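Visitor: I should like to learn how to read a structure such as the one shown here. Where should a beginner start?

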2 protein chains.
Amino acid sequence: MVQRSRELNPCPVSTLTNLLSGPWTMYILWVLSNSGPTRFGALKRKIAGISTKMLTERLRMLEQEEILYRHYEPTVPPQVTYGLTEKAKELITILEQLDDLAQRWYG
Amino acid sequence: MVQRSRELNPCPVSTLTNLLSGPWTMYILWVLSNSGPTRFGALKRKIAGISTKMLTERLRMLEQEEILYRHYEPTVPPQVTYGLTEKAKELITILEQLDDLAQRWYG
DNA sequence: CTGAATCCCTTACGATACTG
DNA sequence: CAGTATCGTAAGGGATTCAG
């Protein structure tokens, strides 16, 4: 159900939370927020335990929502860099508040 | 992975986002926030499509985190009411911001 | 290096039936 | 009414392999 489409569920909040609810999603945003634009391999290393499949899957999804961008450099070997868009930064602001809360509750 | 325990993952934000990432979780909070304390059956009706199992499961989890409380009234038939705790209200504040965002992005 | 494709196994989840 | 118990299925996600 994580992947309910926007069409099937017209509620805006659901659209957003369904997106964020995916595994690793918030964590990916968090890492990109702290590290700035990051290449695929580096991202995978920073997110210990994530599989290639999961990482690409989540990146595609976030890219599609224009929450992050993908920059492809056709060198050999190719370099692909992911970074947050302006849209993402609004989201990050909110995630930072979640972080504050988490610190107080569990920190 | 949704259910990673607090012990295994010491990061506070992960603890919180793992909790919120569960299916229906945010939606349940949302409904309780809008409706005030609500009985089990009513809750189930308001959250169209959720199964009994899922609902109880999520409720137990949120109760354990003291994000909501469970009030049992031993009448016949028994009445059980769920409501948000003070802790939850901090969370709701943040969820409201997510709502704003969602409205602007998808609304 | 950055993925796409395949296989395979686990578990999450829904449906159903039953209890205090 | 408010759940618990059991079961079966669908699919989510890891490991691995291959490709541009």
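Guide: Let us begin with the idea of contact: two residues are in contact when heavy atoms lie within 4.5 Å. Please keep in mind that this is a predicted model.

Visitor: How many residues does each chain give to the contact between chain A and chain B?

Guide: Chain A contributes 30 residues, and chain B contributes 30 residues.

Visitor: What area is buried between chain A and chain B, and what share of it comes from carbon and sulfur atoms?

Guide: Buried area is the accessible area that two parts lose on being put together, summed over both. Here chain A and chain B bury about 2900 Å² between them, and carbon and sulfur atoms give 74% of that area. On the side of chain A, the residues that lose the most area to chain B are Ile94(A), Trp105(A) and Tyr106(A), which together make up 24% of what that side buries.

Visitor: How many salt bridges are counted between chain A and chain B?

Guide: A salt bridge requires a side-chain nitrogen of Lys or Arg within 4 Å of a carboxyl oxygen of Asp or Glu. The count between chain A and chain B is 2. In one such salt bridge, the side chain of Glu90(A) meets that of Arg104(B), with 2.7 Å from N to O. Across the interface of the two chains, 7 residue pairs are in polar contact, both residues being at pLDDT 80 or more.

Visitor: Which helices of chain A each supply at least two residues to the side that touches chain B?

Guide: They are helix H1 (12–21) and helix H5 (86–106) of chain A. H5(A) gives the largest share of this side, 13 residues. By class, the side of chain A that touches chain B has 17 nonpolar, 6 polar and 7 charged residues.

Visitor: Let us turn to the DNA. Which residues come nearest to DNA strand D?

Guide: A residue is near a strand if one of its heavy atoms lies within 4 Å of it. Around DNA strand D there are 18 residues, of which Ser51(A), Lys53(A), Arg39(B), Arg70(B) and Tyr82(B) come nearest. Among the atoms of DNA strand D that come within 4 Å of the protein, sugar and phosphate account for 64%.

Visitor: Which parts of DNA strand D do Ser51(A), Lys53(A) and Val80(B) approach?

Guide: An N or O atom in the side chain of Ser51(A) is 2.7 Å from a phosphate oxygen. Lys53(A) places a polar side-chain atom 2.6 Å from a base oxygen of the strand. For Val80(B), a polar backbone atom is 3.3 Å from a phosphate oxygen.

Visitor: Which element gives the most residues to the surface near DNA strand D?

Guide: H4(B) gives the most, with 4 residues. The surface near DNA strand D has 8 nonpolar, 5 polar and 5 charged residues.

Visitor: What surrounds DNA strand C?

Guide: There are 18 residues around DNA strand C, and the closest are Gly41(A), Arg70(A), Tyr82(A), Lys53(B) and Met54(B). Sugar or phosphate holds 74% of the atoms of DNA strand C within 4 Å of the protein, and bases hold the rest. A polar side-chain atom of Ser51(B) lies 2.9 Å from a phosphate oxygen of this strand, while an N or O atom in the side chain of Lys53(B) is 2.7 Å from a base oxygen. Arg39(A) has a polar side-chain atom 3.0 Å from a sugar or linking oxygen of DNA strand C. H4(A) supplies the largest share of the surface near DNA strand C, 4 residues.

Visitor: How should I read a sheet, and what is the order of the strands in chain B?

Guide: Strands of a sheet pair through backbone hydrogen bonds, either parallel or antiparallel. In chain B, an open sheet of 3 strands has the order E1-E3-E2 with antiparallel pairing. Its edge strands are E1 (38–39) and E2 (68–73) of chain B, each pairing on one side only. E1(B) and E3(B) are joined over 2 bridges, and Arg39(B) has Thr81(B) as its bridge partner in E3(B).

Visitor: How many bridges link strands E2 and E3 of chain A?

Guide: E2 (residues 68–73) and E3 (residues 79–84) of chain A pair in the antiparallel sense over 6 bridges. Tyr72(A) stands opposite Val80(A) in E3(A). A hairpin of 5 residues joins E2(A) to E3(A).

Technical notes:
Residues are numbered from 1 along each chain as its sequence is written. Chains are lettered from A and ligands numbered from 1 in the order in which they are written. This is a predicted model: local features need pLDDT of at least 70, side-chain atom pairs count only at pLDDT 80 or more; totals for chains, interfaces and linings use all residues. Side-chain values use heavy atoms; hydrogens and water are left out. Buried area is the accessible area (1.4 Å probe) that two parts lose on being put together, summed over both. A polar contact is a pair of N or O atoms within 3.5 Å; within protein, one must be able to donate a hydrogen and the other to accept it, and residues adjacent in sequence count only if both atoms are side-chain atoms. Ala, Val, Leu, Ile, Met, Phe, Trp, Tyr, Cys and Pro count as nonpolar, Asp, Glu, Lys and Arg as charged, and the others, Gly among them, as polar. Two strands pair if DSSP finds at least two bridges between them.
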